[in-house]
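Hi everyone, thanks for making room for me today. I'd like to walk you through one model, so please have a look at the screen while I talk.

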Amino acid sequence: MRIPVDTGRVSFICAGTPEPVVEFESRRPKTDSNGVALFQVALVAMTDGEAEVIAVKVPGEPKGLVQGGPVRLHGLTALAWVMGDRDGVAYNAAGIETATGPTPSPAKSGS
């Protein structure tokens with residue numbers, strides 16, 4: 001189950017360059033349910049004196065992101081996962097943009 005994340009009290013800073021998401025076995029680009037290529041962006045999520053680096057997958061190649069620059073996420077969801085003795089949380093967003101840019105309506109997408 002994907003759980004929506006309220007980003008209203010969280011600030012995000014871009015921590016790296018967007019990278020294409022690839023299938024583990026084939027190394028082919030991974031796509032969302034609409035066939036749009038997925039990209040992963042490392043972000044620093046900050047709230048209430050806490051900070052953590054998270055990886056967020058978004059459909060389409062994000063443009064204009066600068067390392068250290070503030071970003072805004074649209075439609076952020078979290079999904080807990082377990083594989084053997086490993087576990088974690090996968091984050092997906094419908095869109096990402098610089099926090100100083102315009103605020104378009106979020107894209108409809110599944111990933």
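Let me begin with Glu61 and Lys63, whose side chains meet in a salt bridge, with an N to O distance of 3.5 Å. Keep in mind that this is a predicted model. Lys63 has 63% relative accessibility, so we call it exposed. Glu61, at 46%, counts as partly exposed.

How many salt bridges does the structure hold? There are three.

Another one joins the side chains of Arg72 and Glu97, at 2.9 Å from N to O. Arg72 sits in strand β6 and Glu97 in strand β9, residues 95-98, so this pair ties together parts that are 25 residues apart in sequence. Is Glu97 buried or exposed? With 10% relative accessibility, Glu97 counts as buried. Its partner Arg72 has 26% and counts as partly exposed.

Then we have Arg9 and Asp48, where the salt bridge comes in at 3.9 Å, N to O. This pair also links distant parts of the chain: Arg9 belongs to the loop between β1 (3-4) and β2, while Asp48 belongs to the loop between β4 and β5, 39 residues apart. Both ends are out in the open, if you'll allow me the phrase: Arg9 is exposed at 64% relative accessibility, and Asp48 is exposed at 67%.

Now, let's go inside. The largest nonpolar core has 15 residues. Which residues have the most contacts inside it? They are Phe12, Leu43, Val56, Val71, Leu73 and Ile96. Looking at the strands, β2 (11-14), β4, β5 and β6 (70-74) each supply at least two residues of this core, and β4 gives the most, with four.

I'd like to pause on Val71. Leaving aside residues up to four places away in sequence, Val71 touches Phe12, Cys14, Leu43, Leu65, Ile96, Glu97, Thr98 and Ala99. You'll recognise Glu97 in that list as the salt-bridge partner of Arg72. Phe12, Leu43 and Ile96 are there too, and we have just met those three among the core residues with the most contacts.

On to the pockets. The largest pocket has a volume of about 470 Å³. Its lining is made of 17 residues, and Lys30, Gln40, Lys57, Trp81 and Ala90 lie nearest the centre. The elements giving two or more residues to that lining are β4 (38-47), β5 (50-59), β7 (77-83) and β8 (86-92). Which of them provides the largest share? That would be β8, with five residues. By class, the lining splits into nine nonpolar, four polar and four charged residues.

The second largest pocket has a volume of about 180 Å³. Among the residues lining this pocket are Val5, Val10, Phe12, Met46, Glu50, Ile54, Leu76 and Tyr91. So that you can place it on the screen: β4 and β5 each supply at least two residues of the lining, and β5 gives the most, with four. Here the classes come out as nine nonpolar, one polar and two charged. Notice Phe12 again: it lines this pocket, and it is one of the core residues with the most contacts.

That's my tour. Thanks for listening, and please jump in with whatever you'd like to discuss.

Methods. Residues are numbered from 1 along each chain as its sequence is written. This is a predicted model: local features need pLDDT of at least 70, side-chain atom pairs count only at pLDDT 80 or more; totals for chains, interfaces and linings use all residues. Side-chain values use heavy atoms; hydrogens and water are left out. On a 1 Å grid over the protein atoms alone, a cavity is a set of points where a 1.4 Å probe fits but cannot get out, and a pocket is an open set with protein on both sides within 12 Å along at least five of seven lines; lining residues have an atom within 4 Å of a point. Grid points are joined across faces, edges and corners, and a volume is the space filled by probe spheres set on the points. Ala, Val, Leu, Ile, Met, Phe, Trp, Tyr, Cys and Pro count as nonpolar, Asp, Glu, Lys and Arg as charged, and the others, Gly among them, as polar. A nonpolar core is a set of buried Ala, Val, Leu, Ile, Met, Phe, Trp, Tyr and Cys residues joined through side-chain atoms within 4.5 Å. Buried means under 20% relative accessible area, exposed over 50%, partly exposed in between (1.4 Å probe, protein chains only). Contact means heavy atoms within 4.5 Å. A salt bridge is a side-chain nitrogen of Lys or Arg within 4 Å of a carboxyl oxygen of Asp or Glu.
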